[in-house]
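Please walk through this fold with the model open beside the text. The route goes from one turn to the sheet, then to the core and two side chains.

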Amino acid sequence: MLEEKNTVHNIVIEQCKNVHITGVTEVKAFDEETVVLDTVKGGLTIKGENLSIDGFSLESGDLQMQGDIYALIYTGVKEKGFLKRILK
């Protein structure tokens, strides 16, 4: 079960204001307009206004935040899928 926690990544956004993210491995930087995270699936940048982190557990990888969310941008996505195996 511990292995499953370390590979699951989900995002739930309610009303474009409240966000719950699983699979977070590190909070690299944050301010009121940008939150930069590392997740088990790669980098994630969240852009908006009045952003604040309400809670983060490194042990479980759960992050709670709020603010006016405008964009979610993935960088360096880690893939283990069919297409990646073919293109090797």
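Strand 1 and strand 2 form a hairpin, with 3 residues between them. Gln 15 sits in that turn and has a positive phi of about 55°. The two strands run antiparallel and are joined by 4 bridges. Within this pairing, Ile 13 stands opposite Val 19 of strand 2. The model is a predicted one.

Now step back to the whole chain. The secondary structure amounts to 2 helices and 6 strands. Read from the N terminus, the elements run α-β-β-β-β-β-β-α. The chain has 88 residues, and 25% of them count as buried. About 6,200 Å² is exposed, with carbon and sulfur atoms supplying 53% of that area. Among contacts with a separation of 6 or more, 43% come from residues 24 or more positions apart.

How are the strands ordered in the sheet? The order is 1-2-6-5-4-3, in an open sheet of 6 strands with antiparallel pairing. Strand 1 and strand 3 (24–30) each have a single partner strand, so they stand at the edges and one side of each lacks a neighbour in the sheet. From one strand to the next, the twist averages 40°. Strands of a sheet pair through backbone hydrogen bonds, in either the parallel or the antiparallel sense. At the strand 3 edge, strand 3 pairs with strand 4 over 5 bridges, in the antiparallel sense. One position to look at is Glu 26, whose bridge partner in strand 4 is Asp 38.

Next comes the core. In soluble globular proteins, nonpolar side chains tend to be buried together. Here the largest nonpolar core has 11 residues. They are Val 19, Ile 21, Val 24, Val 35, Leu 37, Leu 44, Ile 46, Leu 51, Leu 63, Met 65 and Ile 69. Strand 2 (18–21), strand 4 (34–39), strand 5 (42–57) and strand 6 (62–75) each give two or more residues to this core. Val 19, the residue opposite Ile 13 in the hairpin, is thus also a core member.

Met 65 is a good place to trace the core's contacts. Leaving aside neighbours within four places in sequence, Met 65 is in contact with the core residues Val 19, Val 35, Ile 46 and Leu 51. The other contacts of Met 65 beyond that range are Lys 17, Asn 18, Ser 52, Ile 53 and Asp 54.

Is Tyr 70 of strand 6 buried or exposed? Its relative accessibility is 55%, above the 50% cut-off, so Tyr 70 counts as exposed. Beyond four places in sequence, Tyr 70 is in contact with Lys 47, Gly 48 and Glu 49. The side chains of Tyr 70 and Glu 49 make a polar contact at 3.2 Å. Tyr 70 and Ile 46 are 24 residues apart in sequence, while their C-alpha atoms are 7.7 Å apart in space.

The last stop is His 9, in the loop between helix 1 (2–5) and strand 1 (11–14). At 16% relative accessibility, under the 20% limit, His 9 counts as buried. What does the side chain of His 9 reach at 2.8 Å? That partner is the backbone oxygen of Thr 22. The His 9 side chain also makes a polar contact with the side chain of Tyr 74, at 2.6 Å. Not counting residues up to four places away, His 9 touches Ile 21, Thr 22, Gly 23, Thr 39, Val 40, Lys 41, Leu 44 and Tyr 74. Among these, Ile 21 and Leu 44 belong to the largest nonpolar core.

Conventions. Residues are numbered from 1 along each chain as its sequence is written. This is a predicted model: local features need pLDDT of at least 70, side-chain atom pairs count only at pLDDT 80 or more; totals for chains, interfaces and linings use all residues. Side-chain values use heavy atoms; hydrogens and water are left out. A nonpolar core is a set of buried Ala, Val, Leu, Ile, Met, Phe, Trp, Tyr and Cys residues joined through side-chain atoms within 4.5 Å. Buried means under 20% relative accessible area, exposed over 50%, partly exposed in between (1.4 Å probe, protein chains only). Contact means heavy atoms within 4.5 Å. A polar contact is a pair of N or O atoms within 3.5 Å; within protein, one must be able to donate a hydrogen and the other to accept it, and residues adjacent in sequence count only if both atoms are side-chain atoms. Two strands pair if DSSP finds at least two bridges between them. Axes are lines fitted to C-alpha atoms, for helices over the stretch in contact, and angles run from 0 to 180 degrees between N-to-C directions. Accessible areas come from the Shrake-Rupley method with a 1.4 Å probe; for residues, only the protein chains shown count as cover.
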